[in-house]
Amino acid sequence: MVDNLNAEIALGTVTSVPEAVQWLGYSYLFQRMKVSPMTYGIDWAEIRDDPTLVQRRRQLIINAARTLHTSQMIIFNEVTEELKSKDVGRIASEFYLLHTSVQIFNTMMAPLASEADVLKMISMCGEFDNIQSRDSESDELVRLRDEFAPCDVGGGIDLPQTKTNILLQSHVSRARIEDFALSSDTFYIAQQAARVCKALFKIALNRKWGYQCLVILSLCKSIDKRIWPFQHPLHQFELPLRSEERRVGKE
């Protein structure tokens, strides 16, 4: 609900707590709370005193607004109950970022961060919370890290963020992944990372961090074109090896 509320505030359809309470009354969540109140921790006394659950909706909105205000995505005036979107909130709404990801960016983002720092930050986003590490994948992840991850990964191989980082770098390096589950995870990570990286670029641009814009923009191109900045542009065309190189490779 926090991210949905941010989207409504960014669009301008919700500008205050009373409007947000009314907006929540049109949601499917409100209908489920009325049908099955005990599931959401609502006792019968509360239903009796407040059949339309106005106070419950109001409390949910206030808690969500406080979370967005802490994440620097909106301005929440608790006296006037006004809700106003900030640049970061609008960027998050445009690129469908989770508020947990924005909290990580606020903590880890720096004007002089390197490519390795940006990759680590992306791999810790909430968009990749469903990426799980499996014991059967450890050997191939170690191989991918050693052969296809030019940036420092850090952390244990069994951590989900480490796996995300390795697979993202392997995607850029055009690594051949044998495990089907890893290949599927890589495809998902590449799709999400491209969107997150573009949002990071806009945030850095909004903060007027020139060097960070250059680093993130270069990384965006790397994810889209699957080629590192230090590699020759012709590397993306997968040109066949010359006869001499094939012979040396066979030997």
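Reader: Is Arg134 buried, exposed or partly exposed, and at what relative accessible area?
Author: This is a predicted model, so the value is computed from predicted coordinates. Buried means under 20% relative accessible area, and exposed means over 50%. Arg134 falls in between, so the residue is partly exposed, at 35%.

Reader: Which side chain meets Arg134 in a salt bridge at 3.3 Å, N to O?
Author: A salt bridge needs a side-chain nitrogen of Lys or Arg within 4 Å of a carboxyl oxygen of Asp or Glu. Arg134 has such a partner at 3.3 Å. The partner is buried, with a relative accessible area of 12%. It is Asp185.

Reader: How many residues apart in sequence are the parts that Asp185 and Arg134 tie together?
Author: The side chains of Asp185 and Arg134 meet in a salt bridge. Asp185 lies in helix H11, residues 180-206, and Arg134 in the loop between helix H8 (115-123) and helix H9 (138-148), so the parts tied together are apart in sequence by 51 residues.

Reader: Which side chain meets Glu137 in a salt bridge?
Author: The N to O distance is 2.9 Å. The pair links distant parts of the chain, 26 residues apart: Glu137 sits in the loop between H8 and H9, its partner in helix H10 (residues 160-172). Both residues are buried. The partner of Glu137 is Lys163.

Reader: What is the relative accessibility of Lys163?
Author: Lys163 is placed in helix H10. Leaving aside neighbours within four places in sequence, Lys163 is in contact with Ile131, Gln132, Ser133, Arg134, Glu137, Leu141, Leu182 and Asp185. Lys163 counts as buried because its relative accessibility is 0%.

Reader: Which residues are linked with Lys163 in a network of salt bridges?
Author: Glu137 and Lys163 form one salt bridge. Asp185 and Arg134 form another. The network links Lys163 with Arg134, Glu137 and Asp185.

Reader: How many salt bridges does a search of the whole structure find?
Author: One of them joins Glu81 and Arg58, at 2.1 Å, N to O. That pair links distant parts of the chain, 23 residues apart: Glu81 is in the loop between strand S1 (74-77) and strand S2 (82-85), Arg58 in helix H5. For the whole structure, the search finds 13.

Reader: Is Glu81 buried or exposed, and what is its relative accessible area?
Author: Its salt-bridge partner, Arg58, is partly exposed, with a relative accessible area of 28%. The cut-off for buried is under 20%. Glu81 meets that cut-off, so Glu81 is buried, at 17%.

Reader: Which side chain of opposite charge is nearest to Arg57?
Author: Arg57 lies in helix H5, residues 54-70. Arg57 is buried yet has no salt bridge. The nearest side chain of opposite charge is 6.5 Å away, and belongs to Asp50.

Reader: Which residue's backbone oxygen does the side chain of Arg57 reach?
Author: Leaving aside neighbours within four places in sequence, the contacts of Arg57 include Gln22, Leu24, Phe30 and Met33. The side chain of Arg57 also reaches a backbone oxygen at 2.9 Å, that of Val21.

Reader: How far apart in space are Ile104 and Met124, C-alpha to C-alpha?
Author: Ile104 is in helix H7, residues 99-108. Not counting residues up to four places away in sequence, Ile104 touches Met109, Met121, Met124 and Cys125. Ile104 and Met124 are 20 residues apart in sequence; in space, the C-alpha distance is 7.6 Å.

Reader: Which residues form a nonpolar patch on the surface with Leu214?
Author: Leu214 is found in helix H12, residues 210-225. Leu214 counts as exposed because its relative accessibility is 57%. The patch has about 360 Å² of accessible area together, and Leu214 forms it with Leu112 and Tyr211.

Terms used:
Residues are numbered from 1 along each chain as its sequence is written. This is a predicted model: local features need pLDDT of at least 70, side-chain atom pairs count only at pLDDT 80 or more; totals for chains, interfaces and linings use all residues. Side-chain values use heavy atoms; hydrogens and water are left out. Patches are made of residues with over 30% relative accessible area and no salt bridge: like charges are joined within 9 Å, nonpolar side chains (Val, Leu, Ile, Met, Phe, Trp, Tyr) within 5 Å. Accessible areas come from the Shrake-Rupley method with a 1.4 Å probe; for residues, only the protein chains shown count as cover. Helices (H or I, at least four residues) and strands (E, at least two) are DSSP runs, numbered from the N terminus. Buried means under 20% relative accessible area, exposed over 50%, partly exposed in between (1.4 Å probe, protein chains only). Lys and Arg count as positive and Asp and Glu as negative; His and the chain ends are not counted. A polar contact is a pair of N or O atoms within 3.5 Å; within protein, one must be able to donate a hydrogen and the other to accept it, and residues adjacent in sequence count only if both atoms are side-chain atoms. Contact means heavy atoms within 4.5 Å.
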